Amino acid sequence: VRVLELSGDSMQDDIREVNASRIICTTPEKWDSITRRWTEHIYLLGKVKLLLVDEAHNIGDSRGATLEAVVCRMKTVSMSAPVIKHKLPAMSLRIIALSATLPNLSCIGEFIGAAKENVLAFDQSFRPVPLTVHVIGYAP
């Protein structure tokens, strides 16, 4: 399986390299720069079957606008005429949003188009190592 890292730190900007990869690990900002011209790269973006969004709690934060734009653009790609006409994999795009701290879970689930039964929250009982919390006071 060919994996490609695509970020502001990587030197890889070649669309052929991106197209040849099965898994693309990228930042929201870098994927934003590719998806801005989505009509020029419709067959590349049309191959995307899964968009995994980590740090989903950033939506509504300083990087959140970019993350929102990327998700919206990928949803648009998945419903575009060329994707549907050529039955490209993005036609059944799956979006998974992850976060360790997501207070508005149902809103994010609705935003990514998840069915209510597929919006899941896990408490600390699912952790392999229990969390311990310590509060240390400070008296000046």
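**Figure 1. The exposed surface and overall dimensions of the predicted model.** The protein exposes about 10000 Å², and carbon and sulfur atoms supply 56% of that area. Please keep in mind throughout that this is a predicted model. Of its 140 residues, 31% count as buried. The C-alpha atoms fill a box of roughly 60 × 40 × 30 Å along the principal axes. The radius of gyration is 18 Å, whereas a compact globule of 140 residues would have one near 14 Å. As for charge, the mean position of the 16 positive charges lies 9 Å from that of the 15 negative ones.

**Figure 2. The order of helices and strands.** Here you can follow 6 helices and 4 strands. Along the sequence they come in the pattern β-α-β-α-α-β-α-α-β-α. Taking the contacts between residues at least 6 apart in sequence, 54% join residues that are at least 24 apart.

**Figure 3. Strands β1 and β2 side by side.** Strand β1 covers residues 3-6 and strand β2 residues 23-26. The two pair in the parallel sense, over 4 bridges. To find your bearings, start from Val3, which stands opposite Ile23 in β2. Val3 shares the uncovered face of β1 with Glu5, while Leu4 and Leu6 make up the covered face. This picture fits a general rule: in a regular strand the side chains alternate between the two faces of the sheet.

**Figure 4. Strands β3 and β4, with alternating side chains.** Strand β3 spans residues 50-53, and strand β4 spans residues 94-97. These strands run parallel and are joined by 4 bridges. Leu51 has Ile95 of β4 as its bridge partner. Along β3, Leu51 and Val53 point to one face and are buried. Leu50 and Leu52 point to the other face and are not buried.

**Figure 5. Helix α2 under cover.** Helix α2 runs over residues 28-35. The helix is mostly covered, with 6 of its 8 residues buried. Those residues are Pro28, Lys30, Trp31, Asp32, Ile34 and Thr35. What do the buried residues of α2 pack against? Their partners are the strands β1 and β2 and the helices α3 (42-45) and α4.

**Figure 6. Asp32, a buried acidic residue of α2.** Asp32 counts as buried because its relative accessibility is 8%, and the cut-off for that class is under 20%. Setting aside residues up to four places away in sequence, Asp32 touches Thr66, Ala69, Val70 and Arg73.

**Figure 7. Met74 and its surroundings.** Met74 belongs to helix α4, which spans residues 64-78. Is this side chain's residue, Met74, buried or exposed? With a relative accessible area of 0%, Met74 is buried. Beyond residues up to four places away in sequence, Met74 touches Trp31, Thr35, Leu45, Val48, Leu51 and Leu93. Two of these names will be familiar from the earlier views: Trp31 and Thr35 are among the buried residues of α2, and Leu51 is one of the buried residues of β3. Leu93 is 19 residues from Met74 in sequence, and their C-alpha atoms are 8.2 Å apart in space.

**Figure 8. Gly109 in helix α6.** Gly109 sits in helix α6, residues 105-112. The glycine is buried, with a relative accessible area of 6%. Apart from neighbours within four places in sequence, Gly109 is in contact with Ala114 and Val119. Leu131 offers a further point of reference: Gly109 and Leu131 are 22 residues apart along the chain, and 26 Å separates their C-alpha atoms.

**Figure 9. Glu55 and Lys87, two loop residues with positive phi.** Look for Glu55 in the loop between β3 and α4. Although not a glycine, Glu55 has a positive phi of about 60°. Glu55 is partly exposed, with a relative accessible area of 37%. Lys87 lies in the loop between α5 (81-85) and β4. Lys87 is not a glycine either, and has a positive phi of about 50°. At 65% relative accessibility, Lys87 counts as exposed.

Methods. Residues are numbered from 1 along each chain as its sequence is written. This is a predicted model: local features need pLDDT of at least 70, side-chain atom pairs count only at pLDDT 80 or more; totals for chains, interfaces and linings use all residues. Side-chain values use heavy atoms; hydrogens and water are left out. Buried means under 20% relative accessible area, exposed over 50%, partly exposed in between (1.4 Å probe, protein chains only). Two strands pair if DSSP finds at least two bridges between them. The radius of gyration is taken over C-alpha atoms; the globule rule is 2.2 Å times the number of residues to the power 0.38. Contact means heavy atoms within 4.5 Å. Accessible areas come from the Shrake-Rupley method with a 1.4 Å probe; for residues, only the protein chains shown count as cover. Lys and Arg count as positive and Asp and Glu as negative; His and the chain ends are not counted. The place of a charge is taken as NZ of Lys, CZ of Arg, CG of Asp or CD of Glu.
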